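Look at the inside of this protein before its outside. Then follow the chain from the core to the surface.

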Amino acid sequence: MLFSETGRDLPTLTRRQMLRRFANGFGMLGLAGLLAQESRAEGSATLGTASNPLAVKPPPFAARAKRVIFLFMSGGPSHIDKFDPKPRLQQDSGKPLPFAMPKLVRTRTGNLLQSPFKFQKHGQSGIEVSELLPHIGSCIDDICVIRSMVADNINHNGACLQMNTGEQAFSRPSMGSWLLYGLGSENQNLPGFVVISPSQPAQGAPLWSSSFLPAAYQGTLVSDLKNPIDNLRNSQFSLAKQREQLDVLSRLNEIHRRQRQEDSQLSARIASFELAFRMQRNAPEAFDFNAESETTKRLYGLQDPVTEIFGKQCLLARRLVERGVRFVQVYHTQTSKRSSCQLWDQHGGLKTELPANCAAVDMPIAGLLRDLKSRGLLDETLVIWGGEFGRTPTVELPTPGANAGKINGRDHNHWGFTMWLAGGGVKGGLAHGATDEFGFRAV
């Protein structure tokens, strides 16, 4: 018990409180070291080895979804032309927006512009989907459409960063990195977080960065669908000889590491050698489309140049989650006719470029959902579809001197847009949330 000068009792301090308060908390450094050793010991007992950052970790509670496929339409897909029909917009097309524009706008927009595409009800739920997406529409009873999404940034880079990491300006771990860090990977012979993007999306690598988390949790980029992983085969040495080399290298690296402070970049580099060795046996099979039946290939649209590229991306995503990869990020950045970091950025060409984009992804995405469902994987796999924001219901005006015929597009709209979810315990056949009568703001 402690006493004051007046003799009155003061609250008793615990040993931990004393360590925290005395000498500016210097004693906590020693306690941190002891706790770190205890944590490593517990990790060795529960996870098999504390040196394996990708080992499966028991979740804090039972969950339906065990893995995630995020289908990212880079550039900002127009919600009012796909999943959010607006009769009032059709009725008042050509008229001024009947309420004040937000103070923060990116470009000058004009009057209301109706969707040039028809909507049709699908499934038992009767949810309306654009005529541009008939295949996805046929799967609508497995989909939950969320029409009340909002973002904080009106520009691609900041909005993409926020949608993938939760932060629009500063470096933060990506969604896939957090899941891999928290849950580990069910397949120790493949990367736990894979990014499939033929062309670089807006912002690029920060979208799948591990940031302040250890480097072992960052995404592995696959950009060449014909040769997904470079330098995977060693034509000079057998696997047995490579194993001997790695054992020697591992001992040398461990001596080097013990003489230095912990460096996640160094640890990840050391672990990558072991993962690369294991991948020589498993990755070629995982990335080989030839093992799939012709029926499956047609399901994803691999026979058609229009759908082939994104079809391969979706099929590869299914093959990876089937083999225990925790998180697969699929960016739509390339079609048979063009590639772009912002493929869905229809400031102009709404009547031509948007249908082309939809045609490229419609069959592959529906094929992915049907394939996952037929294999019993959809219940445990959460599929996310969306982009960084939506588009305005007003027409984007051309810059002075531009061709007036370019008045056929929409500007960025982060005030209200649509995304959808499927699988992983999500309730399908449901449209959740809403935007206003014109599709401008979430209400």
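Start at Leu320. In this predicted model, Leu320 touches Leu190, Val194, Ile196, Phe287, Val325 and Val328, leaving aside residues up to four places away in sequence.

Leu320 belongs to the largest nonpolar core, which has 54 residues. Leu320 is among the residues with the most contacts inside this core. The others are Ile69, Leu71, Ile143, Val328 and Trp420. Which helix gives the most to this core? Helix α11, residues 353-374, does, with 9 residues. There is also a second, separate core, made of 24 residues. Phe193, Val195, Tyr331 and Leu382 are among them.

Now go to Ile69. Find Ile69 in strand β3, which covers residues 67-73. Is Ile69 buried or exposed? Its relative accessible area is 0%, so Ile69 is buried. The cut-off for buried is under 20%.

What does Ile69 touch? Again leaving aside residues up to four places away in sequence, its contacts include Ala317, Arg318, Val321, Val328 and Val330. Leu368, Leu372, Thr381, Leu382, Val383 and Ile384 are also touched by Ile69. Take Arg318 from that list. Ile69 and Arg318 are 249 residues apart in sequence, but 8.4 Å apart in space, C-alpha to C-alpha.

Finally, turn to the surface. Trp178, Tyr181 and Phe212 make a nonpolar patch there of about 320 Å². Trp178 is found in helix α6, residues 175-183. Why does Trp178 count as partly exposed? Its relative accessibility is 34%, and partly exposed lies between the 20% limit for buried and the 50% limit for exposed.

Notes
Residues are numbered from 1 along each chain as its sequence is written. This is a predicted model: local features need pLDDT of at least 70, side-chain atom pairs count only at pLDDT 80 or more; totals for chains, interfaces and linings use all residues. Side-chain values use heavy atoms; hydrogens and water are left out. A nonpolar core is a set of buried Ala, Val, Leu, Ile, Met, Phe, Trp, Tyr and Cys residues joined through side-chain atoms within 4.5 Å. Buried means under 20% relative accessible area, exposed over 50%, partly exposed in between (1.4 Å probe, protein chains only). Helices (H or I, at least four residues) and strands (E, at least two) are DSSP runs, numbered from the N terminus. Contact means heavy atoms within 4.5 Å. Patches are made of residues with over 30% relative accessible area and no salt bridge: like charges are joined within 9 Å, nonpolar side chains (Val, Leu, Ile, Met, Phe, Trp, Tyr) within 5 Å. Accessible areas come from the Shrake-Rupley method with a 1.4 Å probe; for residues, only the protein chains shown count as cover. A salt bridge is a side-chain nitrogen of Lys or Arg within 4 Å of a carboxyl oxygen of Asp or Glu.
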